[in-house]
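Biologist: I should be grateful for a close look at a single part of this model, with its surroundings described in a connected way. Please also say how far the coordinates may be trusted.

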Amino acid sequence: MKCKLFISLVAMCFAINVSAQEQKDFNRAFVGVQGGVMRAYNGVDIDRKWGPMAAFNIGYNFTPVFGLRLQANGSKWTADLPNGGEYKSKAGNIDLDMLFNLSNVFFPNRNNFVNVIAVAGAPFNIVVPHAWVDNYAYKTSKGTDRWNTAWKVGAQLDFNIARHWSFNVEGGTNYIRQKNDDLDDHNKWWPYAMAGITYKFGYKKAKKVEPVVEVVEEPAPVVKPEPKPEPKPEPKPEPKPEPKPVVKEPAKIGQNIFFDLGKSNIRPEQEANIDKIAEFAKQNPETKLYLVGYADKETGTASVNDKLSKERAESVKAALVKRGVNESRISTEWKGDTIQPFANNDDNRVVIVVGEKR
């Protein structure tokens with residue numbers, strides 16, 4: 001009955017969330033490890049102690065809100081008995097947990113550094129051995145190893161410390177009942193607290209389209225010559241007026257140099273754009289080049305992005321100087337992630353170059 005109810009809840013949550021709109025890039029599959037402590041509370045007079053606990057997780061996020069996790073964990077604990085004996089137990093669990101990302105429910109369009117995740121699951125528990133140990137007679141009561149079903153509730157704080165890595169703190173409790181051959185061990189509540197790290201394998205994201213800024217040179221206006229005056233009866237005709245000179249617009253160029261995530265070195269495919277800017281500077285010696293560096297807002301911190309945007313602008317400047325452009329003609333500036341010139345987040349890893357006479 002418990003298994004049917006749990007499977008029904010999983011199916012219902014999946015049906016609700018599988019049609020959710022894609023709010024942002026999110027991790028799909030993940031693996032992780034955790035370590036912490038667990039303690040067993042029951043209805044008999046045994047004061048169990050907090051014991052060590054370890055867990056290994058694999059899982060999959062179907063939407064930014066809903067995911068499933070398969071967890072294998074183990075723990076052990078001891079208790080001192082009134083007669084001087086000792087109670088020892090080891091337990092192993094295989095848990096199927098549902099994960100609900102509450103941060104993505106309330107803040108769907110943000111890159112959340114901290115995610116609050118609700119956990120609900122159904123552990124399958126085996127205890128080996130489960131024994132009373134008499135320290136004086138050196139005897140152990142006979143126990144039975146068996147599988148037990150349980151319920152689990154908890155919560156997790158998941159901190160995104162890098163694009164594929166996160167640190168988490170989790171707490172919760174299991175409700176379970178066990179039996180052995182000698183007595184009923186009325187275990188009811190097993191609270192636990194753990195911390196760990198998770199590696200997230202990939203993102204689902206839209207195909208990147210790199211924008212290209214095209215510079216269209218407007219034709220210079222041509223001044224038509226004035227019409228010839230009518231001849232007069234004087235012996236000498238009036239001289240013909242000379243046409244006015246053609247006015248040319250100053251030359252301009254605009255070019256975007258894009259960078260990889262967390263990098264300031266120029267990508268090989270961007271070298272042709274650097275050559276184009278250098279050639280323009282050579283053909284138009286009266287112009288100056290203005291370089292502005294940027295970083296995307298969804299990765300890194302403000303201080304890291306400020307430094308990275310500066311390094312990108314200086315990298316483009318160095319490449320132009322290497323191609324023979326006088327350093328005094330190049331002006332650099334950087335904005336960090338305070339300004340995002342493009343709607344696509346990844347396109348903001350860029351240096352925008354403008355060449356003109358000011």
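Modeller: In this predicted model, strand 14 is covered on both of its faces. One side carries Ile-253, Gln-255 and Ile-257, and the other carries Gly-254, Asn-256 and Phe-258, all of them buried. The count agrees with this description, since six of the six residues of strand 14 are buried.

The pairing of the strand comes next. Strand 14 runs antiparallel to strand 17, and six bridges join the two. Within this pairing, Gly-254 of strand 14 faces Val-354 of strand 17.

Helix 4 also belongs to these surroundings. Its buried residues pack against strand 14 (253–258) and strand 17 (350–356), and also against helix 3 (271–283), strand 15 (288–293) and strand 16 (330–334). The buried residues in question are Asn-305, Leu-308, Ser-309, Arg-312, Ala-313, Ser-315, Val-316, Lys-317, Ala-319 and Leu-320. In an α-helix there are 3.6 residues a turn, so residues three or four places apart point the same way. Among the buried positions of helix 4 are Asn-305, Leu-308, Arg-312 and Ser-315, to which this spacing may be applied.

The geometry of helix 4 can be checked by its length. The helix comprises 21 residues, 302–322, and at 1.5 Å a residue these should span 30 Å. The C-alpha atoms at its ends are 30 Å apart, so the expectation and the model agree. Just after helix 4, Gly-324 adopts a positive phi of about 100 degrees.

For a second buried site, one may turn to Asp-158 in strand 9 (residues 147–160). Asp-158 counts as buried because its relative accessibility is 4%. The side chain of Asp-158 makes a polar contact of 2.9 Å with that of Ser-166. Beyond four places in sequence, the contacts of Asp-158 also include Phe-113, Val-114, Asn-115, Ile-117, Phe-167, Asn-168 and Lys-200.

As to trust in the coordinates, the protein has an average pLDDT of 78, and 66% of the residues score at least 70. Two stretches call for reserve. Residues 13–24 have a pLDDT under 50, with 20 contacts beyond four places in sequence in the model. Residues 128–145 likewise have a pLDDT below 50, and this stretch has 48 contacts beyond near neighbours in sequence. Where pLDDT is low, the predicted coordinates should not be read in detail.

Technical notes:
Residues numbered from 1 in each chain as written. Predicted model: local features only at pLDDT ≥ 70, side-chain atom pairs only at ≥ 80, totals over all residues. Heavy atoms only, no water. pLDDT = per-residue confidence, 0-100. Contact = heavy atoms within 4.5 Å. Helix = DSSP H or I, 4+ residues; strand = E, 2+ residues; numbered from the N terminus. Expected span 1.5 Å × (residues − 1). Buried < 20%, exposed > 50% of the residue type's maximum accessible area, 1.4 Å probe, protein only. Pairing = 2+ DSSP bridges. Polar contact = N/O pair within 3.5 Å; in protein donor to acceptor, adjacent residues only side chain to side chain.
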